[in-house]
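Please study the sequence and the model shown below before attempting the exercises. Each task is followed by a worked solution.

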Amino acid sequence: LFLHCAQQIQFADQKQEFNKRPTKIGRRSLSRSISQSSTDSYSSGMKMYDETSPRDKQQKNSKGNGDFCIKNIKQADFGRREIEIAEQEMPALMALRKRAQGEKPLAGAKVVGCTHITAQTAVLMETLSALGAQCRWAACNIYSTQNEVAAALAEGGFSVFAWKGESEDDFWWCIDRCVNLEGWQPNMILDDGGDLTHWIYKKYPNMFKKIKGIVEESVTGVHRLYQLSKAGKLCVPAMNVNDSVTKQKFDNLYCCRESILDGLKRTTDVMFGGKQVVVCGYGEVGKGCCAALKAMGSIVYVTEIDPICALQACMDGFRLVKLNEVIRQVDIVITCTGNKNVVVRENLDRMKNGCIVCNMGHSNTEIDVSSDVFVFCLILFIWFCGRLLNLSCSTVPTFVLSITATTQALALIELYNAPEGRYKQDVYLLPKKMDEYVASLHLPTFDAHLTELTDEQAKYLGLNKNGPFKPNYYRRVAVRSL
């Protein structure tokens with residue numbers, strides 16, 4: 001009862017803080033007060049809501065190493081248990097770790113990463129380390145970091161700079177701490193959203209002389225890479241993981257299909273049956289969201305700019321509309337386009353009281369969270385300032401993330417070990433053979449048995465019996481929604 005009352009009191013204080021709308025972002029920002037991790041009270045004797053900035057703390061792990069900045073190192077044991085649970089649902093990554101550990105294909109690699117810091121990412125980081133890489137890591141999202149996992153990584157010797165509820169200033173400070181270390185020069189980048197790549201390009205351009213390649217996971221980051229390439233400013237080869245078949249067909253679709261409901265339920269306790277929902281964008285993320293909402297009995301509308309994706313939405317039974325046609329009547333608005341200004345002030349003004357607005361795209365640019373025309377919790381909910389709903393407010397299925405993480409690891413190995421001249425200063429798609437290899441590593445989990453082509457069948461199709469089974473131009477059925 002006390003905890004419930006304390007949470008209610010804190011929530012009321014948060015509304016007052018939000019309505020004050022501070023104009024200058026400081027280190028003791030609003031974001032920290034509204035995004036406390038549920039595990040922050042894990043360790044006995046801790047204050048339930050510790051407002052001290054991690055940047056103001058001097059922390060060391062049990063070995064005396066202090067090259068990290070996290071919420072609380074005392075949560076390491078709890079985080080370690082979460083990582084061990086995640087390992088059980090990431091069979092391909094663990095198989096890759098076991099198969100390649102003796103060879104150390106990443107020996108000498110110095111990987112600087114900027115991704116969501118979760119138990120699943122921790123398994124990836126520890127796999128890269130087992131394969132020979134040195135890693136320094138920051139978070140690509142100010143709300144998605146699992147503090148206990150960051151503590152476990154720091155205790156394990158990783159240089160991690162992240163905590164849940166960073167301010168914008170904290171966000172860039174953490175990235176800079178990862179990159180700017182005397183005597184340490186990264187030679188590989190693993191990015192999610194392009195912020196790390198942007199920071200190095202802006203602040204430390206000379207670093208690109210020693211960087212062998214960039215691996216980018218998100219549609220936003222890939223878009224930024226293509227812009228650099230088009231302008232002739234991309235200094236190193238880059239691997240586009242976002243458009244790999246394994247990422248699009250599994251992570252974007254199945255992950256979002258399960259996590260959209262979980263995120264909204266945890267934060268709003270909303271009932272979906274009969275609710276009118278508009279989903280902006282019908283790429284793989286939009287498809288997953290629409291399928292889940294439709295199965296729960298929601299009335300789903302779709303907005304789309306691409307006629308191919310639009311036609312798919314229509315044939316899947318959804319009504320294609322413009323946002324302004326339904327904005328007054330819908331109960332939930334979900335953005336998943338990867339674009340900017342999808343929901344703007346004009347839309348916010350016209351929404352009904354209590355309308356839930358959330359983002360399933362990578363960046364918070366899709367929703368005009370800078371607009372000061374709404375009253376928090378009285379007119380509408382904009383969860384976590386337009387940041388990624390499923391990772392900010394809940395979690396995502398570990399097994400699906402295993403597919404993406406394995407793809408990222410293989411892309412790093414490919415770029416790091418590629419002979420000089422194989423890859424130019426351009427953006428590349430993952431070789432189809434790697435996509436199929438990642439998929440095959442996950443099949444034993446389902447006790448699945450692949451059918452093998454006969455020699456005659458392989459000759460008839462013009463294929464190698466061992467693959468690849470799809471041409472390089474094959475990516476997926478859907479067209480990416482922007």
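The exercises below concern a predicted model and treat an open sheet and an annotated site.

**Exercise 1. State the strand order of the open sheet of seven strands, and identify its edge strands.**

Solution.
Step 1. The order is β3-β2-β1-β4-β5-β6-β13, and the pairing is parallel.
Step 2. An edge strand pairs on one side only; this applies to β3 (159–161) and β13 (427–429).
Step 3. From one strand to the next, the twist averages 20°.

**Exercise 2. Follow the bridge partners from Cys 114 across β4, β5 and β6.**

Solution.
Step 1. Strand β1 (residues 110–115) is joined to strand β4 (residues 188–191) by four bridges in the parallel sense. Here the partner of Cys 114 is Asp 191 in β4.
Step 2. β4 and β5 also run parallel, with four bridges between them. Asp 191 has Glu 216 as its bridge partner in β5.
Step 3. Between β5 and strand β6 (residues 238–240), which run parallel, there are three bridges. Opposite Glu 216 stands Asn 240 in β6.

**Exercise 3. Describe how helices α8 and α9 connect strands of the sheet, and how the residues of β5 are directed.**

Solution.
Step 1. Helix α8 (residues 195–203) packs on the sheet and touches β1, β4 and β5 (213–216). The direction of α8 makes about 135° with that of β4.
Step 2. A right-handed β-α-β unit is formed by β4, α8 and β5. Another right-handed β-α-β unit consists of β5, helix α9 (residues 219–230) and β6.
Step 3. From β5, Gly 213 and Val 215 point one way, while Ile 214 and Glu 216 point the other way. All of these residues are buried.

**Exercise 4. Two residues of the UniProt "binding site" annotation are Gly 288 and Glu 304. Is each buried or exposed?**

Solution.
Step 1. The annotation comes from an unreviewed UniProt entry and includes Gly 283, Lys 287 and Asn 390 besides these two residues.
Step 2. Buried means under 20% relative accessible area.
Step 3. Gly 288 lies in helix α11 (residues 284–295). Its relative accessible area is 0%, so Gly 288 is buried. Leaving aside neighbours within four places in sequence, Gly 288 is in contact with Leu 253, Cys 256 and Arg 257.
Step 4. Glu 304 belongs to the loop between β8 (299–303) and α12 (307–315). Because its relative accessibility is 16%, Glu 304 also counts as buried. The side chain of Glu 304 reaches the backbone nitrogen of Tyr 282 at 2.7 Å.

Technical notes
Residues are numbered from 1 along each chain as its sequence is written. This is a predicted model: local features need pLDDT of at least 70, side-chain atom pairs count only at pLDDT 80 or more; totals for chains, interfaces and linings use all residues. Side-chain values use heavy atoms; hydrogens and water are left out. UniProt positions are given in the numbering used here, feature names are shortened, and annotations may be inferred rather than shown by experiment. Helices (H or I, at least four residues) and strands (E, at least two) are DSSP runs, numbered from the N terminus. Buried means under 20% relative accessible area, exposed over 50%, partly exposed in between (1.4 Å probe, protein chains only). Contact means heavy atoms within 4.5 Å. A polar contact is a pair of N or O atoms within 3.5 Å; within protein, one must be able to donate a hydrogen and the other to accept it, and residues adjacent in sequence count only if both atoms are side-chain atoms. Two strands pair if DSSP finds at least two bridges between them. Axes are lines fitted to C-alpha atoms, for helices over the stretch in contact, and angles run from 0 to 180 degrees between N-to-C directions. A crossover is right-handed if, with the strands pointing away from the viewer, the path from the first strand over the helix to the second runs clockwise.
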